[in-house]
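Colleague: I should like a close look at a single part of this model. Please treat it in one connected account.

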Amino acid sequence: MARTSLSLILLLSSYSLAEVTLDTKCYSEARKSSTNRFYYRPGSQISCLCTSNNGATVQWVTEHGQVLSNGTLNITVASNVTRYICQEINKIENNVTFTVHVLYVPTEATLTFNATSNVCSSSAVLVQCETPYVDYQQSPMISFFDISSADRVNLTNATPVNTRNGKWSSTSVYITASGGQRTILCRVSHSEFNDLYIDTQDVINVQEASKVYPIITIGANNYQNGETLDVQDSSQFSPKCQVSSVSSGYFRLELTCDSSNSTNIFSSNNDYGTSVYLATVSVTKYMIGKKCLCKATHSSGCYTLTTAVNVNVLYAPEINYLKVNGNTTSVTVNRGDALNFICNATGNPLPSLYMTHEIPTSVPFQTVQSYTLDFTQQAGCSDTDLFYCVAKNTINTGTQTSKQRSVQVYVRCPPKVTSETNSYAITLGATSEFRIPIAAYPDPFKFVLYTTGVKFHKEVDLKRYNLTYVSTNPSQGKGNIVIHLYTTTSADLVGYILDINNGVDSNGISYSFKLTETEDGLSIGAKIGIGVGVAGAVVIIIIIVVVLCGRNKIKRSLKEKSKEKIHTI
C-alpha cells in the first residue's frame, strides 16, 4: 500500500513539474525590442520546435484552437501579428504562447504643405506627412526636421492618425517660416526601432519682406514715412511714388491723397512698374491732418510696404467770432461793469491774436498766440469805442497775413469836457463861434448857460446865444458843443458856467470858462491880414526906389558920354 502511494506521489510530482518550452532557434530570425517583443520581417521563414520536459506529445494550435502540427511549427510571417500556442495533447493547460510581431519597415512617405512652394516670412505653415504603414496595432513615429542649414533642427514629433484607408497621417503641425529657402524633412520610423525609417523632403521658398520702403517725391523733395509736407491752401502739387525693385516678384503700387472727409479722392495704381504718379492734387484747408499714402504690395501677397506723408496745409487766419459779453455786433454797459472779450480764430501756422481800439495804429492791449483770446476787464468811460480782434500768421517766409473783426462797446458815462483851455477869444461887434469838445455816452441833450457874478449866476438870453451838439466820432462818444454868440459887445467878456447833461447822472456836469477880447480889438485873422498887407506894401516901396535909382544912374551916364563926344570933336 505504501509503495502504491509513493508511485502516485511521484506521478503527480512529474505532472506538476511538466513544462512546454520553445527551442531558442524560434527567435533566431527575430529582433527583440526594449519591451521584450520579438519582431519578424514579413515573408521570413520560422521553424520553431516545441517540447515538453516530461516527454509528452505536444501540438501547435492557433489562438482560435485550430491544430497546425505536432512538435515543430513551420510558418511564413504574414502581415499581421499572430499568436501560436504549443500545448500537451493530453493536458492542454501545459502550454506556451509564441507571438509573432511583424516588423514593418517604412518604405514610403509623402510630405505636403498647406500652401504653394512660396510662403510668407513669419507666417505659420501647416506641414503634413503621410505613409502607407500597414501595422494597425503599432503606429509609426513621424518626425519633422528643418535641414536648411548644417545644423539639423528637430521641429516636432507628430502624433500619427490612422486614416482608415491603409495610411497613417500626421496631425496638424505648424512651423514658423523664416526668410530664404527652407528644406523640411519628414522621417517615418518604426515605433520600437528608430534606426528603421524612411525620409522624404521638400523645399519651401519663404518670401522675405523688403526693408526699403517707398518714397514719395513732390517737386525736388523726397519724403520718407512719417514726414510732413507743407503746402498752401488753394495750391496744387503732383506727387510721385516710387519703390526699389526686388529680386523676385513685383510690386503693385497705389498712391492716394485724402481730401476733406472722403478718402482716395486722388488715387492711382500701377500693377507692374516701380513708380506711380498723381497728375494734380488740389489743396484745400480741409486736407490738414490728412495723408498721402503710397502702398507697395508684393506680388506674392506676403507683405505691403506703406509710406505715409502727413499733409500740413498752411492757410491765412480766419476769425470765427468776436464776442463781448456774448454779443457779436455791439454791447452797452454801465461804468464799472465787466467786459468779457472772446475772440476765436483758425489758421495754420497758429495765429497771434490781439485786441486793439484802432486799426492799424493803436497799440494792442491784449495779445496771445492761440486759437482763442479770452479776457475780462472792468468797463471805463474811455472804453466807448470799436474793439478790434486781429489775427495774424505767417504762411510763407516773410509773408504775413491778417484778418480782423470788431464789436462796438458803449459805456454809459456822464459828459466830460476834454478841452485843454477854459478861455475863448472873441471879436467885439461880430458874430463869434467857439467849440467845446465833449466825451459822453449817450450824447448830451441838455445845456444851460449862465453868466457868473459875485452873488448869483444869471442864465443867458438864448436870443443871442445858440447852443448845439455835433457828434464828431460816434463810435468813441466824442463831439463838440458849438456856441454861436451874435453881435458881441464888451458886456459879453465875462465868466460863464455851462451845465451839460446826458441823463446818466441827474446832476450832469458844470464847465466854467470865460470869454476874452481878441488883442487890439482884432481877431487873429485880421491881425494876420494886416501884417501881410504891411509887409507887401514895404516890398513894393523898396522895388519902386530901386527902379528910380537905376533910371537916374542911366541918364547921368548918357550925358557924360555926350560931353565926351563933343569934347573929342
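How many bridges join strand β1 to β4, and do the two strands run parallel or antiparallel?

Modeller: The model is a predicted one, and the description that follows should be read in that light. Strand β1, residues 20–22, is joined to β4 by three bridges, and the two run antiparallel. Within this pairing, L22 stands opposite C50 of β4.

Strand β4 comprises residues 45–52 and is also joined to strand β7, residues 72–76, by five bridges, again in an antiparallel arrangement. Two of the partners in β7 may be named: Q45 has T76 as its bridge partner, and I46 has I75.

Taken together, the three strands form an open sheet in the order β1-β4-β7, with antiparallel pairing. β1 and β7 are the edge strands, each pairing on one side only. On average, neighbouring strands of this sheet are turned by 25° against each other, with direction ignored. In general, the strands of a sheet pair through backbone hydrogen bonds, either parallel or antiparallel.

The side chains of β4 fall on two faces. The covered face consists of I46, C48, C50 and S52, while Q45, S47, L49 and T51 make up the uncovered one. C50, the residue opposite L22 of β1, thus belongs to the covered face. I46, the partner of I75 in β7, is likewise on the covered face, whereas Q45, which is paired with T76, lies on the uncovered face.

Technical notes:
Residues numbered from 1 in each chain as written. Predicted model: local features only at pLDDT ≥ 70, side-chain atom pairs only at ≥ 80, totals over all residues. Heavy atoms only, no water. Buried < 20%, exposed > 50% of the residue type's maximum accessible area, 1.4 Å probe, protein only. Helix = DSSP H or I, 4+ residues; strand = E, 2+ residues; numbered from the N terminus. Pairing = 2+ DSSP bridges. Axes fitted to C-alpha atoms, helices over the stretch in contact; angles between N-to-C directions.
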